[in-house]
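Here is a short tour to read with the model open beside you. Have a look at the chain below, and then we can go through a few spots together.

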Amino acid sequence: MQRTEPILFKIYPKLKEKVPWIPLLTNTPTPVERLNKLEQHFYLTSGQIYIKRDDLSHHIYGGNKLRKFEFIFGDVVKKKKKGIITFGGFGTNHGLACAIMCKELDLPLRCDIFLFSQPITWHVQRSLLLFDYFGAKFHPVGSDITTFIKTLLFQIRKPKYYFMLPGGSPLFGFGTSLGTLGFINAAFELKEQIDRNQIPEPDEIFIAGASTGSSAGLIAGCKLSGLNSKINVVAVYTNMTANPSTVTRNANKAIKFLHKRDTEIPRIKISENDFDFIRGYLGSGYGIKTIKSQNAVDSIYELEGKDKGFHLDTTYTGKAMAAMFDYLADRENKDRKVLFWNTYNSNNLDSYLKETDFNYKRLPKKIHKIFESRKFQCWQITNCPEKIRNNCAAYFNHEYRFWKITDCSLEENEREKAYSLLNNAIKLEDN
Ligand SMILES: Cc1ncc(COP(=O)(O)O)c(C=O)c1O
């Protein structure tokens, strides 16, 4: 397994002494790949499309989180904390990544995740089972604000625990910039790949923005490393955190943090002119699918993901990709060099999920209704016999539309029943 020191430490060696860091990523630099079929799909003239495969950043759980965690967990270890407290939506990828890393690190490190409501989907049901599988204790609360308050109160009672803000980014200007450094480093990593001619310098980079640590880091990192690519931050969370002033504040806070530790790092200023902030793809709320995001997830999978081994999600990357699709559809952009930053894990977690045996009764009683009131999988709806479902690729698959995955061997009338119930479930989510 390949574990590499941050490029930032090589360029600015003084940081090594002053910035906490531990190795977590197991596949850096993450690959950059050209998306030829997508180029043909959009009839690009001299334009080119690439993807940054952060989905492969770790052999168990890839995505954007671990870039931030290398620095944040470095601080956790330095401060000899006994556990991590964090919070997010019911299906939080951040929480799952945290649970997995707490288990992976050879330390007795507890993980407590406080959860706020989001629309119930198969992704949410999976995440809850996986938090438990990877040993995290979770606390379902309610709205995001009450969850935040409960998390804070819990922290006061547990001073030996490290409080990590959602998404590993500062919130309302408070909290550490360590997570953002992961993405400043990521920009330097991209710069190296450009210098090695693995990819031309992109004109545009598209990335999803929620807590905005990832995008803010990338914007700061591009400016520090001399890249001229324009970052397009696609809002996938509400205005509470996903807004241009949060991005600017997070970027400047991280630059200040670095400059304080090594004055060779220029104290540059990021302004709202340094990036584009794109609204209009969130839909009716966080975690709620839009038709555009589902279409982007499906099209990119058919065109590229199936062969290259990645799929997007409808909460974050699907919405960012939908914005990129609209950009590419514009006649004026057919000659642009565009990079999509894939922040979503693409490793298969289905095998872990199978081990849970879908035993949600192990989880806190309060949330059993999440599993009982909504059914998304064909086998949940039809009570598919074990003999059939155990051999079926749709069983526990991350995708819940079984006709996308496999031919169903149920009796035709049963299959039809499942199909129409699932169609209704999907419609419910779309609304
Ligand atoms: C898959 C995925 N992409 C993008 C993001 C957004 O990253 P950030 O919170 O740094 O804006 C998240 C955050 O949870 C995520 O899970």
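In this predicted model, helix 5 and helix 6 cross in a left-handed sense. Helix 5 covers residues 93–104 and helix 6 covers residues 122–133, and their axes come within 9 Å at a crossing angle of roughly 20°. Angles under 35 degrees count as roughly parallel, so helix 5 is described as roughly parallel to helix 6.

**Where helix 5 meets helix 6**
- From helix 5, the contact is made by Gly 95, Leu 96 and Ala 99.
- Helix 6 contributes Ser 127, Leu 130 and Phe 131 to this contact.
- By type, the residues of this contact comprise four nonpolar, two polar and no charged.

**Helix 9 and helix 10**
- Two packed helices are described by the angle between their axes and the distance between the axes.
- For helix 9 (residues 213–225) and helix 10 (residues 244–261), the axes cross at roughly 60° and come within 8 Å.
- Helix 9 and helix 10 are therefore oblique to each other.
- The crossing of helix 9 with helix 10 is right-handed.
- On the helix 9 side, the contact is made by Gly 213, Ser 215, Ala 216, Gly 217, Ile 219 and Ala 220.
- Facing them from helix 10 are Val 247, Asn 250, Ala 251, Ala 254 and Ile 255.
- If you sort the residues of this contact by type, you get seven nonpolar, four polar and no charged.

**Helix 8 and what follows**
- Helix 8 runs over residues 178–195, which makes 18 residues.
- From its first C-alpha to its last, helix 8 reaches 26 Å, close to the 26 Å expected at 1.5 Å a residue.
- Of the 18 residues of helix 8, 14 are buried, so this helix is largely enclosed by the rest of the structure.
- Asn 197, just after helix 8, has a positive phi of about 60°.

**A loop residue to look up: Leu 35**
- You will find Leu 35 in the loop between strand 1 (32–34) and helix 3 (36–41).
- Is Leu 35 buried or exposed? Leu 35 is buried, because 21 other C-beta atoms lie within 10 Å and the cut-off for buried is 20 or more.
- Leaving out residues up to four places away in sequence, Leu 35 touches Ile 49, Tyr 50, Ile 51 and Glu 304.
- One of these partners, Tyr 50, is 15 residues from Leu 35 along the chain, and the C-alpha atoms of the two are separated by 5.5 Å.

Definitions and conventions
Residues numbered from 1 in each chain as written. Predicted model: local features only at pLDDT ≥ 70, side-chain atom pairs only at ≥ 80, totals over all residues. Axes fitted to C-alpha atoms, helices over the stretch in contact; angles between N-to-C directions. Helix = DSSP H or I, 4+ residues; strand = E, 2+ residues; numbered from the N terminus. Parallel < 35°, antiparallel > 145°, perpendicular 65-115°, else oblique. Left-handed = near helix turned anticlockwise from the far one by under 90°. Contact = placed C-beta atoms within 7 Å. Nonpolar A, V, L, I, M, F, W, Y, C, P; charged D, E, K, R; others polar. Expected span 1.5 Å × (residues − 1). Buried ≥ 20, exposed ≤ 12 C-beta atoms within 10 Å, placed from the backbone.
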